[in-house]
Amino acid sequence: MDMLKQAILQKGVVLSDGVLKVDSFLNHQIDPILQVEIGSEFANRFEKNEITKILTIESSGIAPALTTAIKLNVPVVFARKKKSLTLSSNLLTAKVYSFTKNETNEITVSRDFIVEGDKVLIIDDFLANGEAALGLASLVEQTKATVSGIGIVIEKSFQPGRKKLEGAGYRVESLARIASLENNTVRFVEELIV
Ligand code: 5GP
């Protein structure tokens, strides 16, 4: 997705060989026009999958999940990283290790919102080791709903997340795939044009 790749090249900051900072347009300050484009692109890629619900994780996944949900005309559910006081029973839970924060969170979603027959599209801002996406998928697998696919805004293809998700049988669609962040430079995976 060209608009996203341009934003990464122009505004992304390489913090190390493994971490890209995109907080000026994606996950702190948010560029709404770019988020609308991201939503349209995910909606195009999954339009044939009869998605009934989008599942993401707070907070950075919510913006792209919402713009995708508007296009597909389905609700968004976001997993919480901290237990809500009003949400204490009837929960789906999974443990997720955070790559950037070096901590493990128990993520939760109410069983009321992922239900039998749901075809769930999982959306997240980054794919690194696949922990967040696998945790979200595990919430869905604990119900009689189905994971129809996983949409990622920025995939770091040099980390093992995609391999793990595909190995578990999930379809992964990433809008920007980064081959390397070495030498302070963002290099994208060469996409074959067919
Ligand atoms: P994973 O669970 O796939 O290891 O990591 C995905 C999560 O970690 C994303 O939800 C994202 O918030 C965070 N993350 C992973 N790598 C990066 C990165 O390079 N930059 C930023 N800003 N967040 C990242």
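Leu-20 is counted as buried because its relative accessibility is 6%, under the 20% cut-off that applies to buried residues. The model in which this value was computed is a predicted one. Leu-20 is placed in strand 2. When neighbours within four places in sequence are left aside, Leu-20 is in contact with Ile-8, Gly-12, Val-13, Val-14, Phe-126, Ile-154, Ile-178, Leu-181 and Val-186.

Under the heading "binding site", an unreviewed UniProt entry lists Leu-20 together with Asn-27 and Lys-156. Leu-20, Asn-27 and Lys-156 are included in the lining of the largest pocket. Lys-156 is located in strand 8. With a relative accessible area of 4%, Lys-156 is also under the 20% cut-off and is therefore buried. Not counting residues up to four places away in sequence, Lys-156 touches Gly-18, Val-19, Phe-99, Phe-126, Leu-127, Ala-128, Ile-178 and Leu-181. Phe-126, Ile-178 and Leu-181 appear among the contacts of Leu-20 and among those of Lys-156. The side chain of Lys-156 reaches the backbone oxygen of Gly-18 at 2.8 Å.

The volume of the largest pocket is about 720 Å³. Its lining is made up of 31 residues, and Ser-60, Ser-98, Thr-100, Asp-125 and Phe-126 are those that lie nearest the centre. Phe-126 is thus named both beside the pocket centre and in the contacts of Leu-20. Divided by class, the lining has 13 nonpolar, nine polar and nine charged residues. At least two lining residues each are supplied by strand 2 (20-21), strand 5 (91-98), strand 7 (119-127) and helix 4 (131-141). Strand 7 gives the largest share, four residues.

A further "binding site" listing in UniProt, from an unreviewed entry, covers Ala-128, Asn-129, Gly-130, Glu-131 and Ala-132. From this set, Ala-128, Asn-129, Gly-130, Glu-131 and Ala-132 are taken in by the lining of the largest pocket. Ala-128 is, in addition, one of the residues touched by Lys-156. Gly-130 is found in the loop between strand 7 and helix 4. The relative accessibility of Gly-130 is 4%, so this residue counts as buried. Apart from residues up to four places away in sequence, Gly-130 touches Gly-161 and Leu-165. Ala-132 is placed in helix 4. Its contacts, with neighbours within four places in sequence left aside, are Val-96 and Asp-124.

Helix 3 spans residues 62-72, and its buried residues are Ala-63, Pro-64, Ala-65, Thr-67, Thr-68, Ala-69 and Leu-72. An α-helix has 3.6 residues a turn, so residues three or four places apart point the same way. The elements that cover the buried residues of helix 3 include helix 2 (32-46), strand 3 (53-57), strand 4 (76-79), strand 7 and strand 8 (146-156). Strand 7, one of these covering elements, also supplies residues to the lining of the largest pocket. Strand 8, likewise part of the cover of helix 3, is the strand in which Lys-156 is located. Just after helix 3, Asn-73 takes a positive phi of about 60 degrees.

Conventions: Residues are numbered from 1 along each chain as its sequence is written. This is a predicted model: local features need pLDDT of at least 70, side-chain atom pairs count only at pLDDT 80 or more; totals for chains, interfaces and linings use all residues. Side-chain values use heavy atoms; hydrogens and water are left out. On a 1 Å grid over the protein atoms alone, a cavity is a set of points where a 1.4 Å probe fits but cannot get out, and a pocket is an open set with protein on both sides within 12 Å along at least five of seven lines; lining residues have an atom within 4 Å of a point. Grid points are joined across faces, edges and corners, and a volume is the space filled by probe spheres set on the points. Ala, Val, Leu, Ile, Met, Phe, Trp, Tyr, Cys and Pro count as nonpolar, Asp, Glu, Lys and Arg as charged, and the others, Gly among them, as polar. UniProt positions are given in the numbering used here, feature names are shortened, and annotations may be inferred rather than shown by experiment. Buried means under 20% relative accessible area, exposed over 50%, partly exposed in between (1.4 Å probe, protein chains only). Contact means heavy atoms within 4.5 Å. A polar contact is a pair of N or O atoms within 3.5 Å; within protein, one must be able to donate a hydrogen and the other to accept it, and residues adjacent in sequence count only if both atoms are side-chain atoms.
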